[in-house]
Amino acid sequence: MTEHPGFGTMLAWLLDRRELGAQELADHAEVNADEVRAVLAGDGPGEALLRRLAPALGFHAVDLFVLAGLAVPDDMAPLDAAAAIWVKNTVTDAVGLPAAERRELLQLIRSMPQEERRSRFAPKPLMPLVGGPGSWVIRMLQYRNLSWSGMAHALASVTPTYLSAATYGVIGSGRKELTPRLVTDFAAVLGIDARDLAALSGVILREVPPPPTPEATDTADLLWEARRLSSEQARHVSELAGSTRGDSRDALLMEMPGL
């Protein structure tokens, strides 16, 4: 079990991998370099600083809040926890669609009107033993509105990782260490560079990981954009994805010789 190294240490690892200094990061984020240096020295980051650092680092702000062990603000959380089941089904069906139809599905999600939040998003408690890398990686996935079952479906659909739903709870509790394979596959679904995720988690990648597949990249985008959907909107998207996948499969069969 790996103990959480602290946000400043993880940030230092990330900057070292990217060959960036505190001043360069501060300039990109338009913050005082002393604030960055203080965090690197062990001070806890504030909400305003994390919001500034996220785009400068190319991360979603919610992921930095998770890494820092801070409560995620409501405006960064998924709109409706009840949408999770439909999001899981959408991912499963979208993977079987041609790339052009996946892009159309993503555009549909982005075009849907933003509904009002009716309740606070409260992800399932992980009860981590030590709060190590496994706990915050699983928490990041939870803030993509994925349950443990959803994680199992998403990872199995677009990566070589095939685990039971319960295993994701074990990873989140710190009872199963992150491996290079897990880091690479989690990164693909999260839309994070695998080398960055490895640097943050302290996992050594013995070789340069291959780029994620187009299906994995589209899944990461879909999961991120679907966070803003209500359950009813997510159900509509899921039903459309399932119908479109069925039509695409039927069209393919019609084109096959001898059928």
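Q: At roughly what angle do the axes of helix 2 and helix 3 cross?
A: In this predicted model, the axes of helix 2 (residues 22–29) and helix 3 (residues 33–40) cross at roughly 125 degrees and come within 8 Å. The two helices are therefore oblique to each other, and their crossing is right-handed.

Q: OK, and which residues meet there?
A: From helix 2, A22, Q23, L25 and A26 meet A33, V36, R37 and L40 of helix 3. The residues of this contact divide into six nonpolar, one polar and one charged.

Q: Switching to salt bridges, how many are there?
A: The count comes to 16 salt bridges. One of the pairs is R52 with E30, whose closest N and O atoms are 3.6 Å apart; this pair links distant parts of the chain, with R52 in helix 4 (residues 47–57) and E30 in the loop between helix 2 and helix 3.

Q: Is E30 buried or exposed?
A: E30 is exposed, with a relative accessible area of 63%, whereas its partner R52 is partly exposed at 42%.

Q: What about R144 and D63, how far apart are N and O in that salt bridge?
A: The N to O distance between the side chains of R144 and D63 is 2.6 Å. R144 lies in the loop between helix 8 and helix 9, and D63 lies in helix 5, 81 residues apart. Both R144 and D63 are buried.

Q: And which residue does E225 pair with?
A: E225 forms a salt bridge with R110, the closest N and O atoms being 3.4 Å apart. That pair joins helix 13 to helix 7 across 115 residues, and R110 counts as partly exposed at 41% relative accessibility.

Notes:
Residues numbered from 1 in each chain as written. Predicted model: local features only at pLDDT ≥ 70, side-chain atom pairs only at ≥ 80, totals over all residues. Heavy atoms only, no water. Axes fitted to C-alpha atoms, helices over the stretch in contact; angles between N-to-C directions. Helix = DSSP H or I, 4+ residues; strand = E, 2+ residues; numbered from the N terminus. Parallel < 35°, antiparallel > 145°, perpendicular 65-115°, else oblique. Left-handed = near helix turned anticlockwise from the far one by under 90°. Contact = heavy atoms within 4.5 Å. Nonpolar A, V, L, I, M, F, W, Y, C, P; charged D, E, K, R; others polar. Salt bridge = Lys/Arg side-chain N within 4 Å of Asp/Glu carboxyl O. Buried < 20%, exposed > 50% of the residue type's maximum accessible area, 1.4 Å probe, protein only.
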